[in-house]
Amino acid sequence: NNFAISTTDVGEALQLSAAALKTNGVSMEESVGMITAMNEITQDSRRTGTALKTISANMAGVTTSAKDGTIQTNKAAKALKEIAGIDVWNKQTGEIKDMYSVMDELNGKWGDLSEAQQNALASTIAGKTQLNTFNALMSNWDTARQYVKEYKEGIVSGCELFADMREDISYLMLYLCQYEERLENQNDLLL
């Protein structure tokens with residue numbers, strides 16, 4: 001693992017965000033890539049997971065009109081279109097693009113946007129409480145892309161990602177066995 005994140009951090013962030021990311025078409029390797037990129041900056045896996053859940057919900061692209069029940073684009077989709085020229089709709093399929101693809105497209109245009117445009121998009125996509133976390137992801141997007149690339153090339157894998165977790169579990173099991181043994185010894189002394 002060449003990335004500055006532990007498997008525990010990945011697991012904690014996934015626990016908070018995986019369902020929302022999957023709903024928005026993000027694969028496991030793309031999820032881990034975004035978690036890695038964001039967490040390398042924030043060093044806070046709970047905040048990373050919560051932020052990705054929020055961002056994912058806001059980037060779903062559509063909302064339903066309370067008046068007539070029609071489906072229409074949400075604020076984030078409108079802002080992406082108007083500010084960055086990114087359409088969240090896949091014109092060929094008529095479906096909404098997956099979140100990772102939209103974020104990757106946004107990253108390609110991010111440096112050309114003014115600070116005001118970046119802030120407007122970040123605020124709309126992530127909300128005020130996740131604004132800094134979103135900016136961390138955008139500033140470290142190359143890490144997300146690198147993780148996905150290495151995964152697809154077979155350089156990293158899900159098994160490798162969680163390999164050091166096996167060692168953590170082994171230590172935990174050893175500790176629990178030793179603790180259980182001490183409890184048994186204390187029970188013997190009490191009898």
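**Exercise 1.** What share of the contacts in the protein with a separation of 6 or more is accounted for by residues 24 or more positions apart?

*Solution.* Begin with the term: a contact means heavy atoms within 4.5 Å. Counted in this way, residues 24 or more positions apart account for 63% of the contacts with a separation of 6 or more. The model is a predicted one, in which local features need pLDDT of at least 70 and side-chain atom pairs count only at pLDDT 80 or more, while totals for chains, interfaces and linings use all residues. Residues are numbered from 1 along each chain as its sequence is written, and side-chain values use heavy atoms, with hydrogens and water left out.

**Exercise 2.** Describe where A126 lies and which residues A126 touches.

*Solution.* First, place A126 in helix 6, which spans residues 115-126 (helices are DSSP runs of H or I with at least four residues, numbered from the N terminus). Next, note that A126 is buried, with a relative accessible area of 1%, where buried means under 20% relative accessible area with a 1.4 Å probe, protein chains only. Finally, leaving out residues up to four places away in sequence, A126 touches T54, I55, N58, L131 and F134.

**Exercise 3.** Determine whether E30 is in a salt bridge or without one.

*Solution.* First, locate E30 in helix 2, residues 28-42. Then recall that a salt bridge is a side-chain nitrogen of Lys or Arg within 4 Å of a carboxyl oxygen of Asp or Glu. E30 is buried yet has no salt bridge, and K152, the nearest side chain of opposite charge, is 4.9 Å away (Lys and Arg count as positive, Asp and Glu as negative, and His and the chain ends are not counted).

Terms used:
Helices (H or I, at least four residues) and strands (E, at least two) are DSSP runs, numbered from the N terminus. Buried means under 20% relative accessible area, exposed over 50%, partly exposed in between (1.4 Å probe, protein chains only).
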